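Me: Got a model open and want to talk through its salt bridges and its empty spaces. Can we start with the charges?
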Amino acid sequence: MPIDAEETGKALIESTCKKTQYPEECISALESDPASFTANLTGLTRIAVVKSASKLVETLHIVETLVLNATDYLTWGFLVNCRDTYNISVPQIQRGLQAFDRLKFDKSYESVEPVNNAVIGCDRQGWTLPILTQVNRALFRLTKDTMMILHLLF
């Protein structure tokens, strides 16, 4: 079912998020921004990209704190690798926002995808730190949903 171009508000948030992999989390993320309730699909999608960028920075700060507090070399090395990968992703997603504003939605998609891949890479190292698992899951799900929403625009 295509999304009505004139649809806005809670109905648009719900119909858009139903097309994502994690609809409840998508709805929660978008509804946390009051601008979502008056946005059209393009505006809602930009909010999702901004939310992904913010979540990336938030996750990066948590990982930086974990790096500073690591008590053994192996954990420190693992965390440094995650931190560095997330650090590289920050300017990429910022460029993706600029591309979005130039209506280059495919380029914006291409800027969110590496963030999602960075989470996968960080998780594949096999370390289980509960806080890292939690923030990585949230970042993964948000970026995955953002990519699916972006795809609706092209």
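Reply: Rule up front: a salt bridge is a side-chain nitrogen of Lys or Arg within 4 Å of a carboxyl oxygen of Asp or Glu. This is a predicted model, where local features need pLDDT of at least 70, side-chain atom pairs count only at pLDDT 80 or more, and totals for chains, interfaces and linings use all residues. Residues are numbered from 1 along each chain as its sequence is written, and side-chain values use heavy atoms, with hydrogens and water left out.

Me: OK. How many salt bridges by this rule?
Reply: The count is seven.

Me: What does Lys10 pair with?
Reply: Glu31, with the closest N and O atoms 2.5 Å apart. That pair links distant parts of the chain: Lys10 sits in helix H1 (residues 9–17) and Glu31 in helix H2, 21 residues apart. Helices here are DSSP runs (H or I, at least four residues; strands are E, at least two), numbered from the N terminus.

Me: Is Lys10 buried or exposed?
Reply: In between. Lys10 is partly exposed, with a relative accessible area of 43%. Glu31 is partly exposed too, at 25%. The cut-offs: buried is under 20% relative accessible area, exposed is over 50%, partly exposed lies in between (1.4 Å probe, protein chains only).

Me: And Arg141, which side chain does it meet?
Reply: Glu25, at 2.6 Å from N to O. Arg141 is in helix H6 and Glu25 in helix H2, so the pair links distant parts of the chain, 116 residues apart. Arg141 has 25% relative accessibility and counts as partly exposed. Glu25, at 35%, is also partly exposed.

Me: Where do Lys55 and Glu58 lie?
Reply: Both are in helix H3, three residues apart, about one turn of the helix. They form a salt bridge, with the closest N and O atoms at 3.3 Å. Lys55 is partly exposed at 22%, and Glu58 is partly exposed at 40%.

Me: Which residues do shared partners join into one network?
Reply: Lys10, Glu14 and Glu31.

Me: Switching to empty space. How many cavities of 30 Å³ or more?
Reply: One, from a search of the whole structure. On a 1 Å grid over the protein atoms alone, a cavity is a set of points where a 1.4 Å probe fits but cannot get out; a pocket is an open set with protein on both sides within 12 Å along at least five of seven lines; lining residues have an atom within 4 Å of a point.

Me: How much space lies in the largest cavity?
Reply: About 40 Å³. Points are joined across faces, edges and corners, and a volume is the space filled by probe spheres set on them.

Me: Which elements give two or more residues to its lining?
Reply: Helix H2 (23–31), helix H3 (41–69) and helix H6 (130–151). H6 gives the most, with four residues. The lining includes Cys26, Lys51 and Asp145.

Me: What classes are in that lining?
Reply: Six nonpolar, one polar and two charged residues. Ala, Val, Leu, Ile, Met, Phe, Trp, Tyr, Cys and Pro count as nonpolar, Asp, Glu, Lys and Arg as charged, and the others, Gly among them, as polar.

Me: And the largest pocket, how much space there?
Reply: About 190 Å³. H2, H3 and H6 each supply at least two lining residues. Among the lining residues are Glu25, Lys55 and Arg141. By class, the lining has four nonpolar, two polar and five charged.
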